[in-house]
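Welcome! Here are some exercises to work through with the sequence and the 3D view side by side. Try each task before reading its solution.

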Amino acid sequence: MVVGRGKKLGLFFENVGRFFCRMANYPSFIAMSFFVLLLVSMTWQSCDFEEEPIPAFIRIDTMLVTTTASQGSASHKVSAVQVTAGAQSLGIFPLPVTIPALEFGTREIFVDGIVIESGISAIRELYPFYSRYTATGDLVAGEVLQVNPQITYNSTANFVLIENFDGGNSFVDDLDGDPGTRLEVSFDDVFEGSASGKISLNEAGSEAIVGTGLFYDLPTSGERVYLEINYKCNTNFTLGFRALQLANGTTADFNVLTLTPSEEWNKIYMSLNQRLSASNGDRFQIYIQMDKSNDVAISELLMDNIKLIHQ
Ligand SMILES: [Ca+2]
Ligand SMILES: [Ca+2]
């Protein structure tokens, strides 16, 4: 086999040699051969000299959020981070991630928490109420620097409502006209602490709209306002607010976001500032609305750690 292949190769090169000898009589062929050789040589050189530098790597597995007693639960849903190394912004990355960085030496590493606004996966946003994590690390080519960011709420966060249902219930205003439907404190399926809030509907056609007992003074000039909530439900429900105009005492209701069933406890960050600004209200009541679904015997919504926060 090997001898046979050698003979074939010899024959091939002999034929190629004869071909070039014959073609050498044609000047245009010589010129074209020279051009091809030049092109190959240039390509070879460009491949040789433009070698990519080896980056350093930053590894981030998860974000840790801590809170003080006045900030309520530390539960969070930071699903991505924005990372800066030294003066170089590296971008936004879903967690966990290993990020290549062309920064070397001792550098300050900045990590900001990104959340999915209002549960809409297309809108990833740097959460304005979380602090920035800062650390100093050595970035070495080809080596991985492990970063374990830890953040908390920052000083711009004003908490006007924190309801964890462990010592009461802020949602006591029955807005639907049916005294049989309400939000109750539940000790069964608890997310954190001793209790959660629960709306349960078992009669066809029934509805619950429960509002906070207070109307809150919230900024309406574009400052950031968010409602955070941990929830679990088998039926769609809607979060909204009732806007009160102090001059004439009139109110108007604004549905902001309808959430779909979630078998597991979920958390969302609902942005309110645009809707608040457009409402022309002076004081605002947060409400939760749910209709009995025909798809289930009992429509059930469990909630915990409802926080209303503004700048
Ligand atoms: Ca609780
Ligand atoms: Ca009711």
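## Exercise 1: Around one core residue

Isoleucine 199 is in contact with Leu183, Ala208, Val210, Ile288, Met290 and Leu301, once residues up to four places away in sequence are set aside. Keep in mind that you are looking at a predicted model.

**Task.** Find which residues have the most contacts inside the largest nonpolar core, and work out why this core lies between domain 1 and domain 2.

**Solution.**
- Step 1. The largest nonpolar core holds 60 residues.
- Step 2. Those with the most contacts inside this core are Ile199, Val210, Tyr226, Leu227, Ile288 and Leu301.
- Step 3. Domain 1 spans 56–151 and domain 2 spans 158–310; both give residues to the core, so the core lies between them.

## Exercise 2: The chain as a whole

**Task.** Describe the chain: how many helices and strands does it have, and what percentage of its residues count as buried?

**Solution.**
- Step 1. The secondary structure amounts to three helices and 21 strands.
- Step 2. The chain has 311 residues, and 31% of them count as buried.
- Step 3. Take the contacts with a separation of 6 or more: 73% of them come from residues 24 or more positions apart.
- Step 4. Now for confidence. The average pLDDT of the chain is 89, with 83% of the residues scoring at least 70.
- Step 5. Residues 1–11 stay under 50 in pLDDT, and the model gives them zero contacts beyond four places in sequence.

## Exercise 3: Two open sheets

**Task.** Give the strand order of the open sheet of three strands and of the open sheet of five strands, and say which strands are at the edges.

**Solution.**
- Step 1. The sheet of three strands runs β5-β1-β9, and its pairing is mixed.
- Step 2. Its edge strands are β5 (97–101) and β9 (144–146), each pairing on one side only.
- Step 3. Neighbouring strands here are turned by 25 degrees against each other on average, with direction ignored.
- Step 4. Strand β1 (residues 56–60) and β9 run parallel and are joined by three bridges. Phenylalanine 57 stands opposite valine 144 in β9.
- Step 5. The sheet of five strands has the order β12-β15-β20-β17-β18 and antiparallel pairing. At its edges are β12 (173–174) and β18 (251–259), each of which pairs on one side only.
- Step 6. Seven bridges link strand β17 (residues 237–244) to strand β20 (residues 283–291) in the antiparallel sense.

## Exercise 4: Arginine 242

**Task.** Is arginine 242 buried or exposed, and which residue is its bridge partner in β20?

**Solution.**
- Step 1. Locate arginine 242 in strand β17.
- Step 2. There are 21 other C-beta atoms within 10 Å of arginine 242. The cut-off for buried is 20 or more, so arginine 242 is buried.
- Step 3. Its bridge partner in β20 is glutamine 285.
- Step 4. Leaving out neighbours within four places in sequence, arginine 242 has contacts with Gly211, Thr251, Asp253, Gln285 and Tyr287.
- Step 5. For glycine 211, the sequence separation from arginine 242 is 31 residues, while the C-alpha to C-alpha distance is 8.5 Å.

## Exercise 5: Leucine 227 and its strand

**Task.** Find the strand that holds leucine 227, and say how many residues of β16 are buried.

**Solution.**
- Step 1. Leucine 227 sits in strand β16 (residues 225–233).
- Step 2. Leucine 227 counts as buried because it has 21 C-beta neighbours inside 10 Å.
- Step 3. In β16, eight of the nine residues are buried.
- Step 4. Beyond four places in sequence, leucine 227 touches Leu239, Met270, Leu272, Ile286 and Leu308.
- Step 5. β16 pairs in the antiparallel sense with strand β21 (residues 299–310) over eight bridges, and with strand β19 (residues 262–271) over seven bridges.
- Step 6. Across these pairings, tyrosine 231 has methionine 303 in β21 as its bridge partner, and cysteine 233 has serine 262 in β19.

## Exercise 6: Backbone exceptions

**Task.** Which residues does a cis peptide bond join, and where is asparagine 280?

**Solution.**
- Step 1. Start from the general rule: most residues other than glycine have a negative phi, and most peptide bonds are trans.
- Step 2. Leucine 95 and proline 96 are joined by a cis peptide bond, with omega about -5 degrees. Proline 96 lies in the loop between β4 (88–94) and β5.
- Step 3. Asparagine 280 is not a glycine, yet has a positive phi of about 60 degrees. Its place is the loop between α3 (273–279) and β20.
- Step 4. Asparagine 305 has a positive phi too, near 50 degrees, and belongs to strand β21.
- Step 5. Asparagine 280 is exposed, with 11 other C-beta atoms within 10 Å, whereas asparagine 305 is buried, with 23.

Notes
Residues are numbered from 1 along each chain as its sequence is written. Chains are lettered from A and ligands numbered from 1 in the order in which they are written. This is a predicted model: local features need pLDDT of at least 70, side-chain atom pairs count only at pLDDT 80 or more; totals for chains, interfaces and linings use all residues. Two strands pair if DSSP finds at least two bridges between them. Helices (H or I, at least four residues) and strands (E, at least two) are DSSP runs, numbered from the N terminus. Axes are lines fitted to C-alpha atoms, for helices over the stretch in contact, and angles run from 0 to 180 degrees between N-to-C directions. A nonpolar core is a set of buried Ala, Val, Leu, Ile, Met, Phe, Trp, Tyr and Cys residues joined through C-beta atoms within 7 Å. A residue is buried if 20 or more other C-beta atoms lie within 10 Å of its own, exposed if 12 or fewer, and partly exposed in between; C-beta atoms are placed from the backbone. Domain bounds come from an automatic or database domain assignment. Two residues are in contact if their C-beta atoms, placed from the backbone, lie within 7 Å. pLDDT is the predictor's confidence in each residue, from 0 to 100.
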